[in-house]
Amino acid sequence: MSHIKTKDKTWKLAYIIAVPLMLCLLLSGCSSVKKLEIFKQEVEREKLNLNTPAPLSLEQLRWIIITSENADEVFKKLEEQGLDPVLFGLTDKDFELLAKNFARIRNQLKISNDLLDKYKEYYEGDLDNKDEK
Amino acid sequence: MGIRLFLMGIIISAVIGAGAYVMKLQRDNAVLKANAIKMESAITEQKELITQQKEDFKEILAANQKMNELVSVLKKDLDDLDKRFNKGKRDFGKLAIERTQAMERIINNGSVNASRCIEIASGAELTEKEKNATKKSEINPECPSIANPNYVPYQN
């Protein structure tokens with residue numbers, strides 16, 4: 001009789017130890033350390049979007065050709081028009097150089113502007129399409 | 001009894017070992033599958049990147065070509081200006097003495113045209129008249145390349 005009682009006690013002890021142990025194992029088995037996910041998201045750089053400068057609007061000027069023959073007449077006309085009888089002169093060669101210098105400045109201006117447009121088009125997409133949007 | 005226990009131990013160990021091996025194979029398989037998916041997506045990304053790079057190169061080439069074309073037409077405008085002053089044995093100063101009024105008119109017209117060229121180069125919009133100019137008499141002779149896009153130069 002006492003032998004049966006001892007056996008029951010052993011089983012009881014075994015349950016007391018085994019059940020919590022199994023539960024612990026079960027729970028710890030279900031839980032897992034999550035992998036840390038590091039992700040990279042590319043954030044596009046803000047566009048510069050500077051306003052395009054307003055195109056030039058130039059004043060018209062008048063050229064007067066003065067020769068040894070018409071000098072008196074030219075100065076007389078200036079006085080009649082109420083202008084100071086003074087002229088800032090260029091020789092024909094210097095006039096030619098001035099015209100060419102202006103053409104070079106104009107070309108450079110055009111190239112620089114087009115270059116800016118091309119850069120903007122390349123880095124910020126099609127300008128025409130963007131305008132439409 | 002001892003032998004039986006020993007054999008049972010071996011069998012149990014074998015079963016557990018086999019189970020562990022199968023589980024290891026399953027884990028390896030899962031890793032390989034994940035690797036294959038990653039590889040496929042990497043290949044797709046690489047293909048997209050290569051396509052994008054090809055398009056970029058095309059765009060760069062086109063932009064370069066356009067800039068070179070612009071530089072050459074602007075240079076032609078400059079050469080034409082030089083010709084206007086020095087064509088043949090033309091002496092600009094002598095002409096100004098002989099035909100003062102006419103030269104004054106020509107120079108003032110040229111000055112108006114040159115100013116307009118600078119306005120266009122600085123970004124001013126072309127007028128309809130400038131856009132539609134196709135004849136030599138309609139163009140801005142100072143800078144037809146930028147002022148009159150529809151004008152095709154011809155020799156007369």
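**Entry 1: what counts as touching**

I began by fixing a term: two residues are in contact if their C-beta atoms, placed from the backbone, lie within 7 Å. I also noted that I am reading a predicted model.

With that term in hand I looked up helix H3 of chain A against helix H3 of chain B, and I found that A:Phe102, A:Arg106, A:Leu109, A:Lys110 and A:Asn113 in H3(A) meet B:Ala114, B:Cys117, B:Ile118 and B:Ala121 in H3(B). Sorted by class, this contact has 6 nonpolar, 1 polar and 2 charged residues.

**Entry 2: how these two helices lie**

I then looked up the axes of H3(A) and H3(B), which come within 8 Å and cross at roughly 20°. Angles under 35 degrees count as roughly parallel, and H3(A) is therefore roughly parallel to H3(B). I recorded the crossing of H3(A) and H3(B) as left-handed.

**Entry 3: H3(A) and the first helix of chain B**

Next I followed H3(A), residues 92-124, to H1(B), and I noted that their axes come within 10 Å and cross at roughly 170°. An angle over 145 degrees counts as roughly antiparallel, so H3(A) and H1(B) are roughly antiparallel to each other. From H3(A) the residues of this contact include A:Ala103, A:Asn107, A:Lys110, A:Ile111 and A:Leu115, and from H1(B) they include B:Met67, B:Leu70, B:Leu74 and B:Phe85. I wrote down the classes for this contact as 13 nonpolar, 1 polar and 9 charged.

**Entry 4: the whole contact between the chains**

I stepped back to the chains themselves, where the contact takes 33 residues from chain B and 30 residues from chain A. On the side of chain B that touches chain A, the elements giving two or more residues are helix H1 (2-86), helix H2 (92-98) and helix H3 (100-121). Which of them gives the largest share of that side? I found that H3(B) does, with 13 residues. By class, this side of chain B has 21 nonpolar, 7 polar and 5 charged residues.

**Entry 5: a helix of chain A that is hardly covered**

I turned to helix H2 of chain A, residues 71-80, and found that it is hardly covered, since the count of buried residues among its 10 residues is 0. H2(A) is followed by A:Gly82, whose phi is positive, near 75°.

**Entry 6: how far to trust chain A**

Last, I looked up confidence: the mean pLDDT of chain A is 81, and 82% of its residues reach 70 or more. Within chain A, confidence is highest in H2(A), at a mean of 94, and lowest in helix H4 (residues 127-132), at 52. Where pLDDT is low, the predicted coordinates should not be read in detail.

Note on methods: Residues are numbered from 1 along each chain as its sequence is written. Chains are lettered from A and ligands numbered from 1 in the order in which they are written. This is a predicted model: local features need pLDDT of at least 70, side-chain atom pairs count only at pLDDT 80 or more; totals for chains, interfaces and linings use all residues. Helices (H or I, at least four residues) and strands (E, at least two) are DSSP runs, numbered from the N terminus. Ala, Val, Leu, Ile, Met, Phe, Trp, Tyr, Cys and Pro count as nonpolar, Asp, Glu, Lys and Arg as charged, and the others, Gly among them, as polar. A residue is buried if 20 or more other C-beta atoms lie within 10 Å of its own, exposed if 12 or fewer, and partly exposed in between; C-beta atoms are placed from the backbone. Axes are lines fitted to C-alpha atoms, for helices over the stretch in contact, and angles run from 0 to 180 degrees between N-to-C directions. Angles under 35 degrees count as roughly parallel, over 145 as roughly antiparallel, 65 to 115 as roughly perpendicular and the rest as oblique. pLDDT is the predictor's confidence in each residue, from 0 to 100. A crossing is left-handed if the near helix is turned anticlockwise from the far one by less than a right angle, and right-handed if clockwise.
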